[in-house]
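I am opening a fresh notebook page for a chain I have not looked at before. I will go through it from the whole down to single residues, writing down what I look up as I go.

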Amino acid sequence: MPSEPDQYQVELVRQGATLRILLRGDVDLAARPELERVLAELDASSLDGVVVDLREVTFFDTTGLNLAYRFDRWGRDHKVSVLFTRAIPAVMGSLEAAGLMRTLRFSDAPEDQLEPGA
């Protein structure tokens, strides 16, 4: 069952040519419209990298899996690095079961991907 909108948050933090997409709470059907908008508004001409921060995600259903795949595919299509943070075991298990652990790039220290002083 989808969550209420207040059960998820999406925060965009721009640092230089890197965009961090912080996701919090339940990434399910309720979060889809906002994440679809973020994906549609990504501008490859102004980005060298995107960090999708999953550390505060508490639930990740097929909607989240599909969007993770699509963010990764956008990066590959536009030659922009897309990096995901590791998440709680339940979320990582969903990514593993879907086969996305083999294709997505992960980091435990996404801050390393941000431009210093930006």
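**Entry 1: the chain as a whole**

I began with burial, and of the 118 residues of the chain, 46% count as buried. I note here that I am working with a predicted model. For the surface, I looked up an exposed area of about 6200 Å² for the chain, of which carbon and sulfur atoms supply 50%. I then counted three helices and five strands, and, reading from the N terminus on, I wrote the order of the elements as β-β-α-β-α-β-α-β. I also checked how far contacts reach along the sequence: among those between residues at least 6 apart, 69% join residues at least 24 apart.

**Entry 2: the hairpin**

I turned next to strand E1 (residues 8-15), which pairs with E2 in the antiparallel sense over eight bridges. One position I looked up in this pairing is Val-13, whose bridge partner in E2 is Arg-20. E1 and E2 form a hairpin with two residues between them, and in the turn I found Gly-16 with a positive phi of about 60°.

**Entry 3: from E2 to E3 and on to E4**

I asked myself in which sense strand E2 and strand E3 pair. Strand E2 (residues 18-27) and strand E3 (residues 49-60) run parallel in their pairing, which extends over nine bridges. Along it I noted that Ile-21 stands opposite Val-52 in E3, and that Leu-22 stands opposite Asp-53 in E3. Between these strands I followed helix H1 (residues 32-41), and E2, H1 and E3 together make a right-handed β-α-β unit. I also looked at how well E2 is covered, and nine of its ten residues are buried.

Continuing along the chain, I found that E3 pairs with strand E4 (residues 81-85), again in the parallel sense, here over four bridges. In this pairing Val-50 stands opposite Val-82 in E4. Helix H2 (residues 62-78) joins E3 and E4 in a further β-α-β unit, which I recorded as right-handed.

**Entry 4: one residue of H2**

I picked out Thr-63, which lies in helix H2, and wondered why Thr-63 counts as buried. The relative accessible area of Thr-63 is 4%, and because buried means under 20%, the residue falls on the buried side of the cut-off. Leaving out residues up to four places away in sequence, I listed what Thr-63 touches as Asp-28, Leu-29 and Arg-32.

**Entry 5: aromatic rings**

Last, I searched for paired aromatic rings, and the count comes to one aromatic pair. The pair is formed by Phe-84 and Phe-106, with 6.0 Å centre to centre and 45° between the planes, and I entered it as tilted. I then looked up where the two rings sit: Phe-84 belongs to strand E4 and Phe-106 to strand E5 (residues 106-107), 22 residues apart, so I wrote that the pair links distant parts of the chain. Are these two residues buried or exposed? I found that both Phe-84 and Phe-106 are buried.

Definitions and conventions. Residues are numbered from 1 along each chain as its sequence is written. This is a predicted model: local features need pLDDT of at least 70, side-chain atom pairs count only at pLDDT 80 or more; totals for chains, interfaces and linings use all residues. Side-chain values use heavy atoms; hydrogens and water are left out. Two strands pair if DSSP finds at least two bridges between them. A crossover is right-handed if, with the strands pointing away from the viewer, the path from the first strand over the helix to the second runs clockwise. Buried means under 20% relative accessible area, exposed over 50%, partly exposed in between (1.4 Å probe, protein chains only). Contact means heavy atoms within 4.5 Å. Accessible areas come from the Shrake-Rupley method with a 1.4 Å probe; for residues, only the protein chains shown count as cover. Rings of Phe, Tyr and Trp (its six-membered ring) pair if their centres lie within 6.5 Å; planes under 30 degrees apart count as stacked, over 60 as edge-to-face and the rest as tilted.
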